[in-house]
Amino acid sequence: MQVLGDITRLNVGRVPNKAAIVMNGETLTDAELDIRINQLANGLLEHGVRPGDRVALLAMNCLDYAVVAYAVAKCGCVLVPVNFRFQHGELVYVINNSSPVMLFVGPEFAQLVSEATTGFKSNPAIVSMTDEAIDGGTTLAALRANGRETEPGIEVDPSSAAMIMYTSGTTGFPKGVLFSHAANLAVAQGLVIEGDMDRDDVVLISVPMFHNAGLNVLLLPCLMMGATSHIMGSGFDPVKIMAAVAEHRISLTLWVPTMLAMLVDHKAVGNYDLGSLRKIWYGSSPISRRVLDASMRLFDAGFYQFYGQTESGMNSVLRPEDHAQRSQFTGREMVNAELRIVDENGDDVADGGVGEVIIAQKPLGMIGYYGNEAATSEAIRDGWIYSGDLAR
C-alpha cells in the first residue's frame, strides 16, 4: 500500500463483499466502491484531466464524497476539498488560489457556484453531483458512464501531492496545505495503531468530510483496515447521533469536546442503547473535567485524545490508560511521530520548561503551502514544522 488509490484496489481482494460505506440506507461494498471509483477515474481521464491537475470538491457529506476523493487519487491528481461553510468571497479565493481544472458541486451549492463562476480565474469545468447539470456543465453520473470499471493504470509517486487542505484562515486568508500520499498513509497507520482500530469496527463519521477529521482521520484509516463507515449528513443532532449509534451498533467514532457536551447534557440520553461504542477519539480543543467525567460515565468506552495540525498530521495521543492520572495532558508522541519542545533559539527546553512544539516533517507532515514559498520557509525549518503551539 504505497498511495491512496491502492486502498480500495487491495480491498477488492481482501474484503470485497464487506460493507465499506453506508449512508441513509444505501450501502457500497468494498468491491462496489472500487468499481465506482475506477469508473469515475477513467471518466476524468477521458474528459482530459491529467496527473498533477487540481480537482476541487464542494459538497456535504455523502457516499460520492469518497468516490470523488479516491477517483482523483487514482488519476494522480490533487484533491481540493472546499469548506462547505464558505461564502461567495471565500469560495472565489480558494478556487483562484488552487486553480483547479474541475469543480465537483453538491446540490446544496449549485446556486452559490453559479453566482461565483464570474470571479473564477481558472475557469474550472463544473460537475454536478446530481443528474441536473449546472450552467451547461456535466454531471458525475455522465463521467462515470463513460469510464471503464478497470484500474486507470496511472503510476502515482507516493511523495507527490494528494490533497490541498485549506487552513481555517484565522490569521488572514486560508493557506493551502499540500499533503502527499505517503504522509496521508503514515498518519492513518499511526491512528490505526494508537487508536486501536480493527477490521471489525463500525465507524460513525459525523464530522465534515471536507475537513481532515472526516476524510483522513476517520474514513482513510477505516478504508485502510477494511472496516465499515456510517456517514452522517450535515449538522450534529444529538438524537440522530444516539439513534445511529444504537441502530448500527457503532463501535468507534471521533467527536470534539463540544459534541460530547451536547450528548452528555441531552435530556434523551438515557433512551438509547449506546453500549456498542467502545472507542471514542476526540480532540481539536481542550475538554473540561466535567464533560470528560460525564462522558466516561455515560459511555463504557476507551477515550483517545489526539493532537495535531493540518500542517503536521496527527502527532500525539492520550490513550485510555493515561486518562486516570493525566486527563488534562496532551499525551505522548504517536508511534511514528517525533516532537520537540524548543525555545526561541530552537534549542530543546529543560524538563518543566515551556516552549514551542515542533514536529518532524517526515513521515507525517506537509510538503508545504501551495504557491506560498514565504509561508513554507517560515513554517518548515531544517526538516521541522513549527506549530506555534506552546507546551510543557
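Which residue in strand 14 does Tyr 282 stand opposite? I looked this up first and found Gln 305 of strand 14 opposite Tyr 282.

**Ground rules**

I note that this is a predicted model, in which local features need pLDDT of at least 70 and side-chain atom pairs count only at pLDDT 80 or more, while totals for chains, interfaces and linings use all residues. Residues are numbered from 1 along each chain as its sequence is written, and side-chain values use heavy atoms, with hydrogens and water left out. The helices I name (H or I, at least four residues) and the strands (E, at least two) are DSSP runs, numbered from the N terminus.

**The sheet of 9 strands**

I traced an open sheet of 9 strands in the order 2-1-11-10-12-13-14-15-16 and noted that its pairing is mixed; two strands count as paired if DSSP finds at least two bridges between them. At its edges I found strand 2 (26-29) and strand 16 (332-333), each of which pairs on one side only.

I then followed strand 13, residues 279-283, which pairs with strand 14, residues 302-309, in the parallel sense over 5 bridges. Along this pair I saw Ile 280 opposite Phe 303 and Gly 283 opposite Phe 306. With strand 12 (residues 252-255), strand 13 also pairs in the parallel sense, here over 4 bridges, and I recorded Lys 279 as the bridge partner of Leu 252.

Two connections caught my attention here. Strand 12, helix 10 (residues 257-264) and strand 13 make a right-handed β-α-β unit, and strand 13, helix 11 (residues 289-298) and strand 14 make a right-handed one as well. A crossover is called right-handed if, with the strands pointing away from the viewer, the path from the first strand over the helix to the second runs clockwise.

On the way to the edge I found strand 14 and strand 15 running antiparallel, joined by 5 bridges, and forming a hairpin with 3 residues between them. In this hairpin Gly 308 stands opposite Met 314 of strand 15.

**Burial in the middle of the sheet**

Is strand 13 enclosed or open? I found 5 of its 5 residues buried, so strand 13 is largely enclosed by the rest of the structure; buried here means under 20% relative accessible area, exposed over 50%, and partly exposed in between (1.4 Å probe, protein chains only). Lys 279, Trp 281 and Gly 283 cover one side of the strand and Ile 280 and Tyr 282 the other, all of them buried. Strand 14 is mostly covered too, with 7 of its 8 residues buried.

**Helix 7**

I next looked at helix 7 (residues 181-194), which lies across strand 13, strand 14, strand 15 (313-318) and strand 16 and runs at about 15° to strand 15. For such angles, axes are lines fitted to C-alpha atoms, for helices over the stretch in contact, and the values run from 0 to 180 degrees between N-to-C directions. I counted 11 of the 14 residues of helix 7 as buried, so the helix is largely enclosed by the rest of the structure; among them are His 181, Asn 184 and Glu 194. Just after helix 7, I noted that Asp 196 takes a positive phi of about 55°.

**Cores**

The largest nonpolar core has 130 residues, and those with the most contacts inside it are Leu 44, Phe 104, Trp 255 and Trp 281. By a nonpolar core I mean a set of buried Ala, Val, Leu, Ile, Met, Phe, Trp, Tyr and Cys residues joined through side-chain atoms within 4.5 Å. Leaving aside neighbours within four places in sequence, I found Trp 255 in contact (heavy atoms within 4.5 Å) with residues including Leu 204, Phe 236, Trp 281, Tyr 282 and Phe 299. A second, separate core of 5 residues includes Val 342, Ile 358, Trp 384 and Tyr 386.

**The sheet of 4 strands**

I also found an open sheet of 4 strands, ordered 17-18-21-20, with antiparallel pairing. Strand 17 (339-342) and strand 20 (380-381) stand at its edges with a single partner strand each, so one side of each is left without a neighbour in the sheet. Strand 20 pairs with strand 21 (residues 384-391) over 2 bridges, and Ile 385 is the bridge partner of Ile 380.

**An exposed residue**

My last entry concerns Ala 324, which lies in helix 12 (residues 323-326) and, at 64% relative accessibility, counts as exposed.
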